[in-house]
Amino acid sequence: MQLKLPGMVSTALDQPLTGKTSVGARAFCGFQDCFSRLRSMDPVRIAVVGAGVVGLSTAMCVSKLVPRCSITIISDKSSPDTTSDVAAGMLIPHVYPNTPIPTLKQWFQETFDHLFAIANSAEAGDAGVHLVSGWQIFQSIPAEEVPFWADVVLGFRKMTKAELKKFPQHVFGHAFTTLKCESPAYLPWLEKRLKGSGVLILTRRIGDLWELHPSFDVVVNCSGLGSRQLAQDSEMFPVRGQVLNVRAPWVKHFIRDGSGLTYIYPGTSNVILGGTRQQGDWNLSPDAEISRGIFSRCCALEPSLQGACDIREKVGLRPFRRAGVRLQIEFLAQDGRRLPVVHHYGHGSGGISVHWGTALEAARLVSECVQAPRTPTPKSNL
Ligand SMILES: Cc1cc2nc3c(=O)[nH]c(=O)nc-3n(C[C@H](O)[C@H](O)[C@H](O)COP(=O)(O)OP(=O)(O)OC[C@H]3O[C@@H](n4cnc5c(N)ncnc54)[C@H](O)[C@@H]3O)c2cc1C
């Protein structure tokens, strides 16, 4: 297979996209060799592997931050068939291992600001981004009564007694307004904008990142759970989530049990009812008994849901990483040739909530590769 990319002048593109990789050849290396071309006047050829929310937003941030580059997104699945498409899309961050709270808060704030601007624009409908108000409720008072993200969302306050009367099993709650980012609209919206700015999107499964050498100068790995194989990262594992997508247009407020296991998230045309968190479960088929359980738990919180119709089941595998999100430069090497890879994956339960913030960070790492400091230290959170 040969790839022809728009605006490319490099003869390297005429070479077939093949290559043999031996796992043992992976190594962290100096930057010198791989930057001889990156410092030339040719546009830098960047491949982004993955077309979920992480891949598409990374491509967008790279296109804004890195001058004179051509970007190709390569993925075996795209919207509506990615994990991101199953996400409820609520902006409520999850804590990641090894990630300091200030960093996590910055990722969340950047994502919130980015999506809030979209929600306030005429693009909001097409992008599937809107404000939503509601309650997070607890059966006992949580250790952290005011979460770290309280001043990022809008109008955060403790629930009043009158509000809590709606939930007789719960004693405490948060009321706030946040954003909902609906991937089945947001991803095609991002794709359209990327294509409009000259980004090429290819459907293809990558067996090994080295395949992308020498057709690309820098690779960004946004393959989510696929990184278990592509980056040989045994820290990656699935946390299965099953949800119901129902029609209940009278439900306008979100309700989230503080455990995060039961939730009711109204969107533009449907309401998402959840959920499950099944660690290590790879099964993508819906389980009817689990669906009945979700429905009855949600009806216990919002009895009017008994009247919901058009119930559809969805399953997604959250891309969890034991060591937290991986944002790191790695140099693959083989026979004296090198390929810089920026890893950007492992967003688990909260990828939509932080995607723009981590994409900006990934784009800065790409920029670091391209601008070629001569002897930088690769960042590691392994
Ligand atoms: C039920 C459920 C509810 C959720 N709710 C929320 C929520 O309310 N808020 C929130 O913030 N998060 C939520 N999430 C989490 C969120 O969905 C994820 O964190 C996020 O989608 C991860 O995005 P990603 O782009 O890394 O992965 P993905 O969407 O899985 O994308 C990975 C991409 O990589 C490609 N790929 C993988 N391997 C290869 C390969 N070898 N070759 C080529 N391409 C490859 C895939 O085809 C795909 O395009 C939820 C998840 C689930 C399952």
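This is a short walk through one protein chain and the ligand it holds.

Let us begin with the whole picture. The model is predicted, and the chain in it has ten helices and 15 strands. Of its 382 residues, 58% are buried. Now look at the contacts between residues with a separation of 6 or more in the chain: 77% of them join residues 24 or more positions apart. On the outside, the chain has an accessible surface of about 16,100 Å², and carbon and sulfur atoms account for 53% of that.

Now turn to the ligand. How many residues surround the ligand? There are 37, and the closest are Asp76, Lys77, Ser84, Gly348 and Ser353. Two of these can be followed down to single atoms. In the side chain of Asp76, an N or O atom is 2.5 Å from an oxygen atom of the ligand. The side chain of Ser84 also has an N or O atom placed 2.5 Å from a ligand oxygen. Gly350 takes part through its backbone, where an N or O atom lies 3.4 Å from an oxygen atom of the ligand. On its own, the ligand has 1,000 Å² of accessible area, and the protein covers 95% of that.

Which parts of the chain build this shell? Helices α2 (53–65), α3 (83–86) and α10 (351–371) each supply at least two of its residues, and so do strands β8 (236–247) and β13 (309–321). By type, the residues of the shell divide into 14 nonpolar, 18 polar and five charged.

Helix α2 deserves a second look. It has 13 residues, and at 1.5 Å a residue they should span 18 Å; the C-alpha atoms at its ends are 18 Å apart, so the expected value and the model agree. Is α2 enclosed or open? Ten of its 13 residues are buried, so α2 is largely enclosed by the rest of the structure. The buried residues include Val53, Leu56, Ala59, Met60 and Val62, along with Ser57, Thr58 and Cys61.

You can try the same check on helix α7, which covers residues 183–196. Its 14 residues should span 20 Å at 1.5 Å a residue, and its end C-alpha atoms are 19 Å apart, which agrees. The buried residues of α7 are Ser183, Tyr186, Leu187, Trp189, Leu190, Glu191 and Leu194. After α7 comes Gly198, with a positive phi near 90°.

Strand β13, which we met around the ligand, also contains Leu317. Is Leu317 buried or exposed? Its relative accessibility is 8%, and because buried means under 20%, Leu317 counts as buried. Leu317 also shows how a folded chain brings distant positions together: Phe237 is 80 residues away from Leu317 in sequence, while their C-alpha atoms are 8.8 Å apart in space. Beyond its neighbours within four places in sequence, Leu317 is in contact with several residues, among them Thr83, Leu225, Pro238, Asp281 and Trp282.

Next comes Ser227, in helix α8 (residues 227–230). With a relative accessible area of 0%, Ser227 is buried. Its side chain makes a polar contact with the side chain of Asn221, at 3.1 Å. Leaving out residues up to four places away in sequence, Ser227 touches Asn221, Gln232, Asp233, Met236 and Tyr345.

Gln232, one of those partners, is found in the loop between α8 and β8. Although Gln232 is not a glycine, its phi is positive, about 45°. At 36% relative accessibility, Gln232 counts as partly exposed. Asn98 is another residue other than glycine with a positive phi, near 60°. Asn98 lies in the loop between α3 and α4 (101–119), and at 61% relative accessibility it counts as exposed.

Finally, look at some peptide bonds in the loops. His213 and Pro214 are joined by a cis peptide bond, with omega about 10°. Pro214 sits in the loop between β6 (200–203) and β7 (218–221). The bond from Gly274 to Gly275 is also cis, with omega near 0°, and Gly275 is found in the loop between β11 (271–274) and β12 (278–279).

Terms used. Residues are numbered from 1 along each chain as its sequence is written. This is a predicted model: local features need pLDDT of at least 70, side-chain atom pairs count only at pLDDT 80 or more; totals for chains, interfaces and linings use all residues. Side-chain values use heavy atoms; hydrogens and water are left out. Helices (H or I, at least four residues) and strands (E, at least two) are DSSP runs, numbered from the N terminus. Buried means under 20% relative accessible area, exposed over 50%, partly exposed in between (1.4 Å probe, protein chains only). Contact means heavy atoms within 4.5 Å. Accessible areas come from the Shrake-Rupley method with a 1.4 Å probe; for residues, only the protein chains shown count as cover. A residue is near a molecule or strand if one of its heavy atoms lies within 4 Å of it. A polar contact is a pair of N or O atoms within 3.5 Å; within protein, one must be able to donate a hydrogen and the other to accept it, and residues adjacent in sequence count only if both atoms are side-chain atoms. Ala, Val, Leu, Ile, Met, Phe, Trp, Tyr, Cys and Pro count as nonpolar, Asp, Glu, Lys and Arg as charged, and the others, Gly among them, as polar. The expected span of a helix is 1.5 Å times one less than its number of residues.
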